[in-house]
Amino acid sequence: MSSRSLLWLVPCLVIWAVLPFVLPRNVADLLVFTGIYTVAGLGIGLLLGHCGIVNLAQATFYGLGAYASAYCTVMMGLPSIAGFIVGAVISMALAYVIGRPILRLTGYFLALGTLALSAIASALFFEWDWLTGGTLGIGGIPKLDLFGFVLDRPSRYYFFVWIVAFACMIVAHNLVDSRTGLMLRAMRDSSTAAASLSIDLQALRTKVFVVCALFGALAGSLFAHHVSFVSTQSFTVDRSISFLLIPVIGGATSIPGIVVGALFVTFLPELLSKLGDIHQILFGLALVAVVVLMPEGLVGAFGKLRTRLARRGGGHG
Amino acid sequence: MSLSSFIAKLAGATALVGLSAFSVQAQTSGEPVKIGAIVSVTGAGAGLGVPERNGLLLAEKDINAKGGIKGRPIKFIVEDDASNPDTALSKANDLIFGQKVQALLGPSLTASTVAVGGVTHANKVPQIAFTGIGPAVERERKCVAHVLPPQRLNATALLEYAKSIKATKVGVLHDAGYGNVVMAELKPLADKYGVKLVAVEKFEIGATDTTTQAAKVKASQPDAVFIIATSATPFRNVKQIQITQPVIAAIGSSSYEYVNAMGTAADNIVIPEFVVGEDPLPHQKDFVELYKKTYNSTPKNYEAAAWDAAHIIAAALNKAGADATGEKLCEAMKAPYTGVLASYNFSADDMTGIPISSFVFSKLVGGKYTRTPFRVAQ
Amino acid sequence: MTISLVLQALFAGVTNGIVYALVGMGLSAIFKGSRVINAMQGEFAVIGAMTTVLLLTKSGWPYAAAIAGGAVAGALVGAFIEVAFVRYMAAKNASEDSFLLLTIGLALSLSASILYFVGRDGHLLPPLGSEGVLIVMDAVIQFHALWLIAIGIGATLALRAFYHRTTIGLSMMAASIDADGAATTGINVARMRTFTFVLGGLLGAMGGILVTPLIGVDYQLGLNLTLKGFAAAVLGGLTNPLGAAVGGVTLGLVESLAIIGISSSYKDVVAFSVLIVIMILMPQGILGRAGRRGG
């Protein structure tokens, strides 16, 4: 990293660290949700931006992570880390097993396959209420306890969530910036050419799908410890659609884009709700506006703006 | 809708707001006592949240017209959780820490109530929820009261009526959400009432058709059919395949919106509920008249539940002091209370205390609600 | 398991299947003509049905005129979406995902608008023909459902003929397969795309109007119909409306047979699993290569 970007990094980090203490509690709360959705959205972004795959099953892995954390801590009395690990392992295993047959499909067939997976999982969450508590859910999930320091308020949990989010961003960045990333882009842009270079497309897509599931499960476990209560309503197809919005709005190929998308999905409904009963209509319209006016996502539009300003400045100089 | 009716709606709403503001000024003065409320005005729970909000605002007017809280006006700050527990949690944080409300009313849905309860319980903010009690963790939250019956009581009411009409074989058609919860309570209770569940068929929430499930129920030749749902579809399907046995529906299906959507199927259906606006019990008459006059429509259970919750918290504040919060307000809230919907006792184990005798059994006849004389003796 | 029960399941399965087929055909038509996946196809159904309800009950129009009004409403909204949004985005070479997001945003706005302006009531329409039913060995099917099935089949055949025998239909296919080539033969590609959306809106509205006498229409109906219609369309190969019809009926039958054969609790699990299996075994859609090519 150049010293110039390091110079930017320090004030950004300071601002990030100070935010939960200067902002009102409910805004800090929303920032925690932003962090959680960033983790989930990173996975979708990898699949969408670099593999061209629309994954509508993220709510399933999110739910698995959340229920694993809930079940392990509340029903079995295990330490919280067990929930994280169990959730992650189950999600990755499921992604691998289901991924191998489903990822052979392409385009909208694959999207429908993931949608079907989401619907099946949602139905099972409702049906197997001895495991999930059904609509009544599982409540009383304890807050995270780091060696005696209890993360019981948004201003504390914020740091934990965002550190996990940063870690995931680094993993995603390494994936994209590596040889694997090159292969992914080759596969996205021209799968026949990639195959002719003996790139194992199937194995590659499965690998990214499993990483996406891992991120989904992590987000789910973080969610469970934040809200202290999980129920089937949080893991329906609607949730999968929200997760899909994140990379598309922000700009699927960039990691800051995911953060912007997560901010959009978390804060905009909250801001709009101040305008009364029409807030849901406005959210839909805002979505339409972003998509129509900024086809490369918010980050892409910002980039274009910067280029245009730079060009104007350069013209003078 | 046509432009003129839209304008009329807008005018009516504006008039109500103006009237409310005026009446607050007329009888009370001083710093308003702020109480938060979270209801589902949009999303799937709108069928609950909109009537609840109406009941709340009417109660606000009523309380202030009668002197408010020791002369100070009461103000309900109503937020919409869009039927989403995550949003409910954020709104609760805002109301409690941002707006500094002394108590919280709502939410409308069980999942939101449990999510919000985590915050109100941890911060000792008294809460009166518009739901029946949910998972086990709620029993530890001694300051979260509920003004709608627990599902166990709903199941009991269904079975009491089945017993009264000598139905020993019952077929059940229920949805995967609300229905599952009621069924979990109904199954172990059925034997006590001499009822055998000869068919139990499930359909998913938002199902567009339940004909095949209804056919399975019909094939089991029951004496009566229970429908536990929050949609009109199973009722239509049941009548379409010509099930002639009496239908007993859970309270979640009881609203004018669902009855309209049932069309000709809204006939020969008995519902254990609490408020039959067409034929109210003596202690409900005043509320029903006032509601009809203000909103030009007939109230039912959710409006009454919200009205009761508002009056309960107002009574508690009047007893404990207009600035009371926390434990003190919670204790004052716990006194037994006879409301429009039902009689309550929040010290009871289910944080509700509604007795089975509070139930009123309505019957849909030709699309209209009528009140049957049947009551369960306590 | 009696014959009567199986017959009832078949009746329900085919009726639901045709409903899914109508939604799926509209989705298929739009995708065929513009490569846009229309996530608001179900909302067209709601728009058509709600318009008919309002014209019938609030404005007192005769039923036939109200139905026509509803269909026109669907067509007009389709045209509006194409002209206002899709055309602009296509000129900027927006990605397929952006179009999907556009229609998702529109679906959310429309559903919320209906809740806001019309309310949370469910509304019914009078059935076609009479209120009566047909009873075969104790299994019941409404006359309206029979009309629904007949009209659905008719629409499928008409659509097929439209695409293969009329100039406009052939032009629409040409414009979507190769826009530049079509333009050189004098086909107005942009106008063809508008017609595509008009057709999709019309089909969606029709589906909504036909299904409302059976189950009623409310602000939440759209999303459920879209999901089922999407499944029907994809099963059929996505560019073949006939395939969407076959896909829809397949889905409807799988659902109702799962209910009586396995259990109603696992209906969705079974139906969607079968969906996945079909997609994996028949990667070209149920109608095979013909499905891919467009029939």
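**Figure 1. Bridge partners in the hairpin of chain C.** C:Ile135 has C:Val140 in E2(C) as its bridge partner. The view comes from a predicted model. The two strands are E1 (residues 133-136) and E2 (residues 139-142) of chain C. They pair in the antiparallel sense, over 4 bridges. Between the strands of this hairpin sit 2 residues. C:Met137 takes a positive phi near 50° there.

**Figure 2. The parallel open sheet of chain B.** Five strands make up this sheet, in the order E2-E1-E3-E4-E5. The sheet is open and its pairing is parallel. Its edge strands are E2 (74-80) and E5 (144-146) of chain B, and each pairs on one side only. Helix H4 (residues 110-122) of chain B packs on the sheet. H4 touches E1 (33-39), E3 (104-105), E4 and E5 of chain B. The direction of H4 makes about 175° with that of E4(B). At the E5 edge, strand E4 (residues 127-129) of chain B pairs with E5(B) in the parallel sense, over 3 bridges. One residue pair to locate here is B:Ala129 with its bridge partner B:His146 in E5(B).

**Figure 3. The mixed open sheet of chain B.** This sheet has 7 strands, ordered E7-E6-E8-E9-E10-E13-E14. The sheet is open, with mixed pairing. E7 and E14 (368-371) of chain B are the edge strands, and each pairs on one side only. From one strand to the next, the twist averages 25°. Helix H8 (residues 233-240) of chain B lies across E6, E7, E8 (224-228), E9 and E10 (269-273) of chain B. H8 runs at about 175° to E9(B).

**Figure 4. Two edges of the mixed sheet.** At the E7 edge, E6 (residues 169-175) and E7 (residues 196-203) of chain B pair in the parallel sense over 7 bridges. B:Asp175 has B:Phe203 in E7(B) as its bridge partner. Helix H6 (residues 178-190) of chain B joins E6(B) and E7(B) in a right-handed β-α-β unit. At the E14 edge, E13 (residues 360-365) of chain B and E14(B) run antiparallel, joined by 4 bridges. B:Leu364 stands opposite B:Tyr369 in E14(B).

**Figure 5. Surroundings of B:Ser254.** B:Ser254 sits in the loop between strand E9 (247-249) and helix H9 (256-262) of chain B. Is this residue buried or exposed? B:Ser254 has a relative accessible area of 2%, so B:Ser254 is buried. Neighbours within four places in sequence aside, B:Ser254 is in contact with B:Ile271, B:Glu273, B:Lys300, B:Asn301 and B:Tyr369. B:Glu31 lies elsewhere: its C-alpha atom and that of B:Ser254 are separated by 39 Å. The two residues are 223 residues apart along the chain.

**Figure 6. Nonpolar cores.** The largest nonpolar core has 151 residues. A:Ile36, A:Tyr37, A:Phe223, A:Val230, A:Phe264 and C:Leu102 touch the most other members. Helix H2 (residues 25-51) of chain A gives the largest share of this core, 15 residues. Not counting residues up to four places away in sequence, A:Ile36 touches A:Tyr62, A:Val161, A:Ala219, A:Leu222, A:Phe223 and A:His226. Another core, of 81 residues, lies apart from this one. Its members include B:Ala157, B:Leu159, B:Ala167 and B:Tyr295.

**Figure 7. The aromatic pair A:Tyr62 and A:Phe223.** Over all chains, the structure holds 33 aromatic pairs. In this one, the ring centres of A:Tyr62 and A:Phe223 are 5.2 Å apart. Their planes stand at 35°, so the pair is tilted. A:Tyr62 lies in helix H3 (residues 58-75) of chain A, and A:Phe223 in helix H10 (residues 201-227) of chain A. The pair therefore ties together parts that are 161 residues apart in sequence. Both A:Tyr62 and A:Phe223 are buried. Ring pairs link A:Phe33, A:Tyr37, A:Tyr62, A:Tyr67, A:Phe125, A:Phe223, A:Phe235 and A:Phe243 into a cluster.

**Figure 8. The aromatic pair B:Tyr291 and B:Tyr295.** The ring centres of B:Tyr291 and B:Tyr295 are 4.7 Å apart. With the planes at 35°, this pair is tilted. Both residues lie in helix H10 (residues 285-295) of chain B. They are 4 residues apart, so about one helical turn separates them. B:Tyr291 is buried, at a relative accessible area of 1%. B:Tyr295 has 18%, and is buried because the cut-off is under 20%.

Terms used:
Residues are numbered from 1 along each chain as its sequence is written. Chains are lettered from A and ligands numbered from 1 in the order in which they are written. This is a predicted model: local features need pLDDT of at least 70, side-chain atom pairs count only at pLDDT 80 or more; totals for chains, interfaces and linings use all residues. Side-chain values use heavy atoms; hydrogens and water are left out. Two strands pair if DSSP finds at least two bridges between them. Contact means heavy atoms within 4.5 Å. Axes are lines fitted to C-alpha atoms, for helices over the stretch in contact, and angles run from 0 to 180 degrees between N-to-C directions. A nonpolar core is a set of buried Ala, Val, Leu, Ile, Met, Phe, Trp, Tyr and Cys residues joined through side-chain atoms within 4.5 Å. Buried means under 20% relative accessible area, exposed over 50%, partly exposed in between (1.4 Å probe, protein chains only). A crossover is right-handed if, with the strands pointing away from the viewer, the path from the first strand over the helix to the second runs clockwise. Rings of Phe, Tyr and Trp (its six-membered ring) pair if their centres lie within 6.5 Å; planes under 30 degrees apart count as stacked, over 60 as edge-to-face and the rest as tilted.
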